[in-house]
Amino acid sequence: YCTAPEQISNNSSSLYYTDIWACGILMYIMFSGSHPFKAQNNYGLVNRILMDKPQFNAKEWKTVSKSAKSLIQGMLVKNTKKD
């Protein structure tokens, strides 16, 4: 559930970005109690990871600082370009 877009696109030269992505997913879960990309199955999860942006609209996010949200957004940047 912490799969990064780079892993999906087989860009193995971007291990740095996959680690940052995984930390961003974990931080999102710690703050909100839910995954940023919810889906019914693995196919749906992959599509959401590639296409969607994390949302911070749920009531759990109302008490989270703008700095924390900004940090998580910065960690969940899709970088599927080959280096």
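The following conversation goes through a predicted model of one chain and asks how its descriptions are reached.

Visitor: What makes up the secondary structure of the chain?

Guide: The chain comes to four helices and zero strands, and from the N terminus on its elements run α-α-α-α. Of the 83 residues in the chain, 33% are buried, while the accessible surface comes to about 5,700 Å², with 55% of that area belonging to carbon and sulfur atoms.

Visitor: Why is Trp21 called buried?

Guide: Buried means under 20% relative accessible area, and Trp21, which is found in helix α2, has a relative accessibility of 0%, so Trp21 counts as buried. Leaving aside residues up to four places away in sequence, Trp21 touches Cys2, Thr3, Ala4, Pro5, Phe37, Ile49, Met75, Leu76, Val77 and Lys78. One of these, Leu76, is 55 residues from Trp21 in sequence, yet the two C-alpha atoms are 5.2 Å apart in space.

Visitor: How many aromatic pairs does a search of the whole structure find, and why is the pair of Tyr28 and Phe56 called tilted?

Guide: The search finds five aromatic pairs. For Tyr28 and Phe56 the centres are 5.6 Å apart and the planes make an angle of 55°; because rings pair if their centres lie within 6.5 Å, and because planes neither under 30 degrees nor over 60 apart count as tilted, the distance makes this a pair and the angle makes it tilted. Tyr28 lies in helix α2 and Phe56 in the loop between α3 and α4 (66-75), so this pair ties together parts that are 28 residues apart in sequence.

Visitor: What makes the pair of Phe56 and Trp61 edge-to-face?

Guide: Here the centres are 4.7 Å apart and the planes stand at 80°, and because an angle over 60 degrees counts as edge-to-face, that is the name the pair receives. Ring pairs link Phe56 and Trp61 with Tyr28 and Phe31 into a cluster.

Visitor: Are Tyr28, Phe56 and Trp61 buried or exposed?

Guide: Set against the limit of 20% for buried residues, Tyr28 at 6% relative accessibility counts as buried, Phe56 at 14% counts as buried, and Trp61, with a relative accessible area of 1%, is buried as well.

Visitor: How do you know that α2 and α4 meet, and how do they cross?

Guide: Contact means heavy atoms within 4.5 Å, and by that criterion residues of α2, including Ile20, Cys23, Met27 and Phe31, meet Ala68, Leu71, Ile72 and Met75 in α4. The axes of α2 and α4 come within 8 Å and cross at roughly 145°, and the crossing is left-handed.

Visitor: Where does His35 lie, and what lies 2.9 Å from a polar atom of the side chain of His35?

Guide: His35 lies in the loop between α2 (15-32) and α3 (42-51), and with 14% relative accessibility, which is under the 20% limit, His35 counts as buried. The backbone nitrogen of Phe37 lies 2.9 Å from a polar atom of the His35 side chain, and because a polar contact takes N or O atoms within 3.5 Å, this distance falls inside the cut-off.

Visitor: What share of the contacts in the chain between residues at least 6 apart in sequence joins residues at least 24 apart?

Guide: The share is 63%.

Key: Residues are numbered from 1 along each chain as its sequence is written. This is a predicted model: local features need pLDDT of at least 70, side-chain atom pairs count only at pLDDT 80 or more; totals for chains, interfaces and linings use all residues. Side-chain values use heavy atoms; hydrogens and water are left out. Helices (H or I, at least four residues) and strands (E, at least two) are DSSP runs, numbered from the N terminus. Buried means under 20% relative accessible area, exposed over 50%, partly exposed in between (1.4 Å probe, protein chains only). A polar contact is a pair of N or O atoms within 3.5 Å; within protein, one must be able to donate a hydrogen and the other to accept it, and residues adjacent in sequence count only if both atoms are side-chain atoms. Accessible areas come from the Shrake-Rupley method with a 1.4 Å probe; for residues, only the protein chains shown count as cover. Rings of Phe, Tyr and Trp (its six-membered ring) pair if their centres lie within 6.5 Å; planes under 30 degrees apart count as stacked, over 60 as edge-to-face and the rest as tilted. Axes are lines fitted to C-alpha atoms, for helices over the stretch in contact, and angles run from 0 to 180 degrees between N-to-C directions. A crossing is left-handed if the near helix is turned anticlockwise from the far one by less than a right angle, and right-handed if clockwise.
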